[in-house]
Amino acid sequence: MNVNVNVAETREVTRIERIGAHSHIRGLGLDDTLDPRPVSQGLVGQTSARRAAGVVCEMVKEGKIAGRAVLIAGQPGTGKTAIAMGIAQALGVDTPFTAMAGSEIYSLEMSKTEALTQAFRKSIGVRIREETEIIEGEVVEVQIDRPATGTGAKIGKLTLKTTEMETVYDLGTKMIDSVIKEKVQAGDVITIDKATGKITKLGRSFTRARDYDATGAQTRFVQCPEGELQKKKEVTHTVTLHEIDVINSRTQGFLALFSGDTGEIKPEVRDQINAKVSEWREEGKAEIAPGVLFVDEVHMLDMECFSYLNRALEDDMAPIVVMATNRGITRIRGTNYTSPHGIPIDLLDRMIIIPTSPYQEKELMEILKIRCEEEDCEMGEDAMKVLTRIAVEASLRYAIQLISVANLVCKKRKGTSISVDDIKRVYSLFIDEARSCQFLSEYQNEFMFNEVAPVSKTEDVSKDSEVEGEVEQVMETSS
Ligand SMILES: Nc1ncnc2c1ncn2[C@@H]1O[C@H](COP(=O)(O)OP(=O)(O)O)[C@@H](O)[C@H]1O
Ligand SMILES: [Mg+2]
């Protein structure tokens, strides 16, 4: 339990360091009844999709339903990946969430199905319960002495108390090192894991709250523990099936977990592990914590992968698979068949589909405001209006990209707040996709490898007619 708290804290600290496309998203922004708040936890609008995602989260937390497939489908830039990231945040650190792009499976040094199997097993957690003995108390005194001769080991004593008792412990060299490393002082409330000697600081004792003026804002105050110093404590840790696989595949050992170079894992190893895990489950030592496997750009998978998914979803150790795509009716990779979203009908049939829809102007502005805050940029009201217009006319992504470059332009002129002129300047410096296309079709003859027929003819092959052709083809194949 304590370990998890620490993990959450370090995440908060490191989160500030880099700003990514989805770093402003902290959850799905739903209230207790799963109703989406208009703007919350970094997410704006797209309410029905968020609500649906909330239901999926509940399903995962229940943990009873295996192998459901959810497809988030919608136009580019409508927040599909953002919602998946929201799901990951809403589930918390204890529920496995694996994200991969469909195309990833082609670049690994293993077969496609092995890559998918590993992704599946990374998304299934095993919660292992263990009882450990700990010593928990408030530090009364720490005493560490160096022997006068300069050689020989250090000598240390640690006095701990609860509300009822006080004991002096002799410290070995290893314990002395960890006391120094953790900067344990009188007034700290700590636990010591008896088996490993690991020290965890729970906080400062309330009784000492007034002793120090220099306590930081993060200092947590806790009660002095009650009862015996030595306690039995139940701890649970969650490891994924994939981690167990890697540790037990003799050739690589656990170091492979860090290098990521796990190679293919033999099916016999997996069978043994599955058997062991179900043994643990029967004995009540462990339980399965199914997580989420998120496959973005799922239309990049081919027939082999789709058929693997069909089967793998039926396993009772399967996670919930969330997929996302922005394709309409298109060719299934590696075949001549077309299908909605580029996914074979038999797999589509097993899925529930969450649609996302384009944003209103007001929502776009809200998202841009959140991004400005995330990137620590001040922007004037008028500039924000112009940028929102750009998001409507060009695309949300393009508008988001302009924020940081406009901020640089603003800084260059030593301004404090991004102005309309800054936006105009970067709008002319960096073109969006539509203007780029126009430029290319005007000057295509001056570029290399240009294969497009002269402008007048390209109009015949407009997008609409292409899609229509494909619709017809679907009709043919399914009849
Ligand atoms: N509803 C939303 N609230 C907040 N940010 C959003 C929302 N929808 C999209 N975004 C942001 O807009 C950008 C594009 O969205 P993204 O999720 O990548 O689109 P998609 O995956 O559907 O193509 C990302 O930076 C994303 O975080
Ligand atoms: Mg995406």
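Q: What lies 3.3 Å from a backbone N or O atom of Thr78, and why does the pair count as a polar contact?
A: In this predicted model, the partner of the Thr78 backbone atom is an oxygen atom of ligand 1. A polar contact is a pair of N or O atoms within 3.5 Å (within protein, one atom must be able to donate a hydrogen and the other to accept it, and residues adjacent in sequence count only if both atoms are side-chain atoms), so the 3.3 Å pair qualifies. Oxygen atoms of ligand 1 are also 2.8 Å from a polar backbone atom of Gly77 and 2.9 Å from a backbone N or O atom of Ala82. Taken alone, ligand 1 exposes 550 Å², of which the protein buries 96%, with accessible areas from the Shrake-Rupley method and a 1.4 Å probe, where for residues only the protein chains shown count as cover.

Q: How are the values and numbers to be read?
A: Because this is a predicted model, local features need pLDDT of at least 70 and side-chain atom pairs count only at pLDDT 80 or more, while totals for chains, interfaces and linings use all residues. Residues are numbered from 1 along each chain as its sequence is written, chains are lettered from A and ligands numbered from 1 in the order in which they are written, and side-chain values use heavy atoms, with hydrogens and water left out.

Q: Why is ligand 1 said to lie between domain 1 and domain 3?
A: Both domain 1 (8-123 + 239-355) and domain 3 (361-478) contribute residues to the shell around ligand 1, and it therefore lies between them; the domain bounds come from an automatic or database domain assignment. Strand 2 (43-44), helix 3 (80-91) and helix 13 (396-412) each supply at least two residues of that shell, helices being DSSP runs of H or I with at least four residues and strands E runs with at least two, numbered from the N terminus.

Q: Why is Glu287 called partly exposed?
A: Its relative accessibility is 36%, and buried means under 20% relative accessible area and exposed over 50%, with partly exposed in between (1.4 Å probe, protein chains only), so Glu287 falls into the intermediate class. Glu287 sits in strand 12 (residues 286-290), and its side chain makes a polar contact of 2.7 Å with the side chain of Arg129.

Q: Why does Thr335 count as buried?
A: The relative accessibility of Thr335 is 16%, and Thr335 therefore belongs to the buried class. Thr335 is placed in the loop between strand 15 (329-331) and strand 16 (338-340), where its side chain reaches the backbone oxygen of Ile332 at 2.9 Å and the backbone nitrogen of Tyr337 at 3.2 Å.

Q: What makes Ile199 buried?
A: At 3% relative accessibility, Ile199 meets the criterion for a buried residue. Ile199 belongs to strand 9 (residues 199-205) and, leaving out residues up to four places away in sequence, touches several others, including Met175, Val179 and Ile190, where contact means heavy atoms within 4.5 Å.

Q: Why does Asp376 count as exposed?
A: Asp376 has a relative accessibility of 70%, and so it counts as exposed. Asp376 lies in the loop between helix 11 (361-374) and helix 12 (381-393) and has a positive phi of about 60° although it is not a glycine.
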